[in-house]
Amino acid sequence: MAYTVTKLAQISRVSVRTLHWYDEVGLLKPAYHGSNGYRYYEEKQLLILQQILFFRELGFELKQIQKVLGRSDFDKMAALSSHRKVLEKNLEQTKELIKTIDKTIEHLKGTKKMKEREMFSGFSKEQQAEYEKQIIERFGEQGRAAIKESKQNAKKWSKQDEENFKKDWEEICKELTHLLEQNSKAGTKDVQKVIGKHHLWLSRCWTPTKESYAGHGQLIRDSDLRKAYEVYHAKLPEFIAEAIELFADKELN
């Protein structure tokens, strides 16, 4: 069955103007154009639009969505499974927040006193907290020391320092993605040069040793941290982990 842009806008609750924009930027092309010049969409396009809306709900920018959907190895089933896990996690948090609201209402009415810690139950913690837990579980006291050093350094940062830190990381990811797409090997001079930048970038937070830097590469590959790198390329976590291991073995003591 084919849908006009107007019909698709009605069933998806995405405006006609937005659908036209998605077409213009190449994010969602119609299946074909009719002899009347109208855009027509079929089931394949509907499923793509669904993915776009899922990613938008999860906070992805259009450029990021376009990069992810445009990958040759994009797996719709895997993506849906990932979306489900995120939504389930968010649902549990929402339920907890609703409980907090109800308890606060009772507290304000004077019907039931609320404990101080209950006032903040359900509020999302920084993702960094989860990474810290994984680091400590994997690397023990060495990981704990790195976290402590990182927090101490972060206290000295200005807002501009934080923005520069993020910007430099994005540039590193883009450079590595370019090299990966050029079929460069992890041990080549060009790749190792970028890994050197990555090592210096990370050194702003804590002092990566041979062992801890290689461990950080493993964390990128094996933990939720990989999601940040997958935005640039599905294989980037494995690529950078291998490159970091080679760099650590050759350049660090």
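Select Phe247 to begin: this residue is buried, with a relative accessible area of 10%, where buried means under 20% relative accessible area, exposed over 50% and partly exposed in between, for a 1.4 Å probe and protein chains only. The model is a predicted one, in which local features need pLDDT of at least 70 and side-chain atom pairs count only at pLDDT 80 or more, while totals for chains, interfaces and linings use all residues. Residues are numbered from 1 along each chain as its sequence is written, and side-chain values use heavy atoms, with hydrogens and water left out.

**Aromatic pairs**

A search of the whole structure finds five aromatic pairs. Rings of Phe, Tyr and Trp (its six-membered ring) pair if their centres lie within 6.5 Å; planes under 30 degrees apart count as stacked, over 60 as edge-to-face and the rest as tilted.

Select Phe165 and Trp201 next. Their ring centres are 4.4 Å apart and their planes stand at 15°, so the pair is stacked. Phe165 belongs to helix H7 (residues 159-181) and Trp201 to helix H8 (residues 189-202), so the pair ties together parts that are 36 residues apart in sequence. Helices (H or I, at least four residues) are DSSP runs, numbered from the N terminus. Both Phe165 and Trp201 are buried.

Now return to Phe247 and add Tyr213. The ring centres of Tyr213 and Phe247 are 6.0 Å apart, with the planes at 80°, so this pair is edge-to-face. It links distant parts of the chain, 34 residues apart: Tyr213 is in helix H9 (residues 210-222) and Phe247 in helix H11 (residues 236-251). Tyr213, at 0% relative accessibility, counts as buried.

A further selection is Trp169, Tyr229 and Tyr232, which form one aromatic cluster.

**H8 against H9**

Display H8 and H9 together. The two helices pack at an angle of about 100°, with their axes 12 Å apart; axes are lines fitted to C-alpha atoms, for helices over the stretch in contact, and angles run from 0 to 180 degrees between N-to-C directions. That makes H8 roughly perpendicular to H9, since angles of 65 to 115 degrees count as roughly perpendicular, under 35 as roughly parallel, over 145 as roughly antiparallel and the rest as oblique.

Which residues make the contact? On H8 they are Ile195, His198, His199 and Leu202, and on H9 they are Tyr213, His216 and Ile220, contact meaning heavy atoms within 4.5 Å. By class, the contact of H8 with H9 has four nonpolar, three polar and no charged residues. Ala, Val, Leu, Ile, Met, Phe, Trp, Tyr, Cys and Pro count as nonpolar, Asp, Glu, Lys and Arg as charged, and the others, Gly among them, as polar.

**H1 against H2**

Move to helix H1 (residues 5-12) and helix H2 (residues 16-24), whose axes come within 9 Å and cross at roughly 115°. That makes H1 roughly perpendicular to H2. Val5, Thr6, Leu8 and Ala9 of H1 meet Val16, Leu19 and His20 of H2 in the contact. These residues of H1 and H2 divide into five nonpolar, two polar and no charged.

**Two loop residues**

Finally, select Arg13, in the loop between H1 and H2. Its phi is near 60°, a positive value in a residue other than glycine, and Arg13 is exposed, with a relative accessible area of 78%. Then select Asn183, in the loop between H7 and H8. Phi of Asn183 is near 65°, a positive value in a residue other than glycine, and Asn183 is exposed at a relative accessible area of 63%.
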